[in-house]
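Visitor: I am new to this structure and should be grateful for a close look at one part of it.

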Amino acid sequence: MKLSLFHSLQNPCRLYLLPFKPRTLNPTQLAQFSTHPQQQISHQPHNKSISYSKLLSQCVASKSVRVGKQVHAHLIRFGFSQDSTFRNHLINLYAKSRFFGHARKLLDQCPEPDLVAWSALISGYAQNGLSREAFSAFHEMHGLGVKSNEFTFPSVLKACSSSKDLRLGMQVHGVVYVTGFESDEFVANSLVVMYSKCGEFGDTRKLFDVMQERNVVSWNALFSCYVQSDFLLEAMDLFEEMVLSGVRPDEYSLSSIINVCTGLGDGRRGRKLHGYVVKLGYDSDLFSANALVDMYAKAICLEDAVSVFEEIAQPDVVSWNAVIAGCVLYNCHGRALKFFRQLGGSGICPNMFTLSSALKACAGLAFEKLGRQLHSFLIKMDTESDSYVKVGLIDMYCKCEIMTDARLLLNMMPKKDMIACNAVISGHSQMAEDIEGVTLFPEMHREGIGFNDTTLSTVLKSIASMQAVKVCEQVHALSIKTGFLSDRYVINSLLDAYGKCGQLENAVRIFEECKTEDLVAFTSVITAYAQYEQGEEALKLYVQMLQRGNEPDSFVCSSLLNACANLSAYEQGKQIHVHILKFGFLSDTFAGNSLVNMYAKCGSIEDAGCAFSEVPQRGIVSWSAMIGGLAQHGHGKEAINMFNQMLGDGISPNHITLVSVLCACNHAGLVTEARKYFESMKELFGIVPREEHYACMIDILGRAGKIQEAMELVNTMPFQANASVWGSLLGAARIHKNVELGKRAADMLLVLEPEKSGTHVLLANIYAAAGMWDKVAKIRRLMKNSQVKKEPGMSWIEVQDKVHTFIVGDRSHLRSREIYVKLDELLDRIHKAGYVPMVENDLHDVEQSEKERLLRYHSEKLAVAFALIATPPGAPIRVKKNLRVCVDCHTAFKFICKITSREIIVRDVNRFHHFKDGSCSCGDYW
């Protein structure tokens, strides 16, 4: 026995199996580790327990496992390894430092491990997130009859909180209740936290209410539960209750309640809390400072967020993430990348949240090169496969217009998700690759990937661009089937898609059935009405929108102005102008451009000029609208001067601007100038002439009688002549009474547009002017047999905010009798002034007196007669006609404007005619 004992003392590892090789620990090494002389190891028996205990406690606090192992070997060497105090310290050290195998061996080698040893092991498991192991150890301890105390229960409950295991947590709660520890402050707080983390709001509140003593931990646990349950206002009230009860908030309380302000977007309370943080001395606390940066960025303003960030002495990655994400939120992408570069120089390694924000900044600025660098960095970090990061990369490549790489990333995803697919569909839509975006949607469906309101809205946007009615109907049916027709965004997207597809009936039905009353829905339907020339309906719906309490925005005002422009509703257009002034949209470029267009198309080029001068930032749309307006009003030279002024301001024209310039030359008969612009447009402006430019130039040459040159241009242009070209030649044939050219042009038009009645009418005019009445009769028979109906001439006039419509010989108007009396009186007066009816342009093969009667009551004459009895003396008369104004009415209006001292403005299908003092602005060239 003695020999055996001697050998065991010489080699204590034989008696006590260590999981590592022991190492001799000399007093010098221990002294270097210890920070105070009294903590240095001593070999005197009376203080050995205190010194070893303190030394091991230091190892636990600093998680210095290497030194702890040396102390462990030293204890074995000097025979102190069986001391329960030292053993418990070692179990605690190994468990807290994640050396669970060592901790468990020490526990297992103890004949009867006490509560402290078990509590140390369970606490280590819980603190390191090993909830299952903590439960197992607790169950084993409980089975051995070791009773838990106020230190064991919090550790086990922490494990329940981490794993959100409510069932086991309730079982532990039962043991707590039976053993009488429910009233203990630490245990009670742990129970509140456990129920809170498991989302059991009711139980959390009940426990909190029965607690005898509530400290800041108790309040914090309840805060957490309120926030998790999205009861943010209640959490704010709870914080105020805590402060009033005399409990001093800690850094966790303050950071939590600041996050509540962020969630509520309550900047006012957020500022008050900032003051409270400073007052309590937590302004240097990193958690509170980070919460303040995030709150200011999301709820108040970026500058305040940056100010708080710059006051943080040592910002961590969370601080940098908050300020970078804030910059991205405010679209300050350049500033975000500047902070990202500073982060790189600070020595802190960015995480995937940092890089996701940086990718958003690259996407916002379309920084392809930096985006690719970040992609490479993510691959090195091995986080590229993370779905959140992958979506950020896809979005970046889409915004940089690199759809090939975006699709490649999507296809490489082991499991495609909805957000990634949405990003790619949106990217295709932004790139006008609508077919690719729409075809990806059924692929998602086939692969079992779900979709949401964003998917449907983005797909419908592409459908609207494609004007794919059938696909729109299918998506509509799918929206009904999946319950998305109750979603406001989907409804608005359907309204927009049906409107742009010309399906007004479907759009209006959805609008009425879904009873949506937001501004976007009203704007979509109003825009559709305006686009498809149902301006009166658009204006009615606008009145309805105002009655329901919706204030307009610049987009709906622009649509309404377009509706007024199509109707030539000058007075109603002026009222919309007043609304634009009232709601402060005058600085909006879209509204300004629409005002220019509206006034120009309503016949007031002077008002258009005033509106143009007030457009804050004149772009190509503004200039094109004004140049086109001047051209339509016959102010050719002014239009060309405006074009030169535009070039002087450094604005390059587009193809629409050059069409307007050629139209200006056309209406003013400026053939030489037109030829110069047409022949030099590619050289000077880099614009290759399109079909509309050729059609305009051919029309100019044809009107000027240069038929041969016009035909040469037709034969040499790089594409087949379309209906516009042959229409121009037919018009030239009518003006110059060229029967042969008229016949050829009409033959081509009847092939290209057989349903259009205008071709038959113009050819009949040419035959009638040549006295070829048999040909006229033949055309009439052809129209009858082909069931081609001549489009009836219609004229509109706006009086007192109401649009009045007239057709030839119309007697349906309420004031019809007065109108006809007035018109007969006018015709008698102008006959005396020298007016002679232009009967040669009437197609009917009847006597001259009958032709005069037929010409007498044309729609535009009825509209002018009504205006003379319904508008104040001296007020301009504004008439719109759907066809070209006839020669007889044109002649009559020159006389009428003179004898009535009224300006008559007629907008026909081609241009404006301003009749004043016996002459017309077109100079009889139209």
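Visitor: Which residue just after α16 takes a positive phi, and of about what angle?

Guide: That residue is Gly265, with a positive phi of about 65°. The model is predicted, and local features need pLDDT of at least 70, side-chain atom pairs count only at pLDDT 80 or more, and totals for chains, interfaces and linings use all residues. Residues are numbered from 1 along each chain as its sequence is written, and side-chain values use heavy atoms, with hydrogens and water left out.

Gly265 follows a helix of 14 residues, α16, covering 251–264 (helices are DSSP runs of H or I with at least four residues, numbered from the N terminus). From first C-alpha to last, α16 reaches 20 Å, close to the 20 Å expected at 1.5 Å a residue (1.5 Å times one less than the number of residues).

At the N-terminal end of α16, Asp250 acts as the cap: one of its side-chain oxygens lies 3.1 Å from the backbone nitrogen of Tyr252 (a polar contact is a pair of N or O atoms within 3.5 Å, one able to donate a hydrogen and the other to accept it).

Within α16, the buried residues are Ser253, Leu254, Ser255, Ser256, Ile257, Ile258, Val260, Cys261 and Thr262 (buried means under 20% relative accessible area, with a 1.4 Å probe and protein chains only). These buried residues pack against four helices: α14 (216–228), α15 (232–244), α17 (267–280) and α18 (286–300) (contact means heavy atoms within 4.5 Å).

Elsewhere, strand β1, residues 794–799, is mostly covered, as five of its six residues are buried.

How values were computed. Helices (H or I, at least four residues) and strands (E, at least two) are DSSP runs, numbered from the N terminus. Buried means under 20% relative accessible area, exposed over 50%, partly exposed in between (1.4 Å probe, protein chains only).
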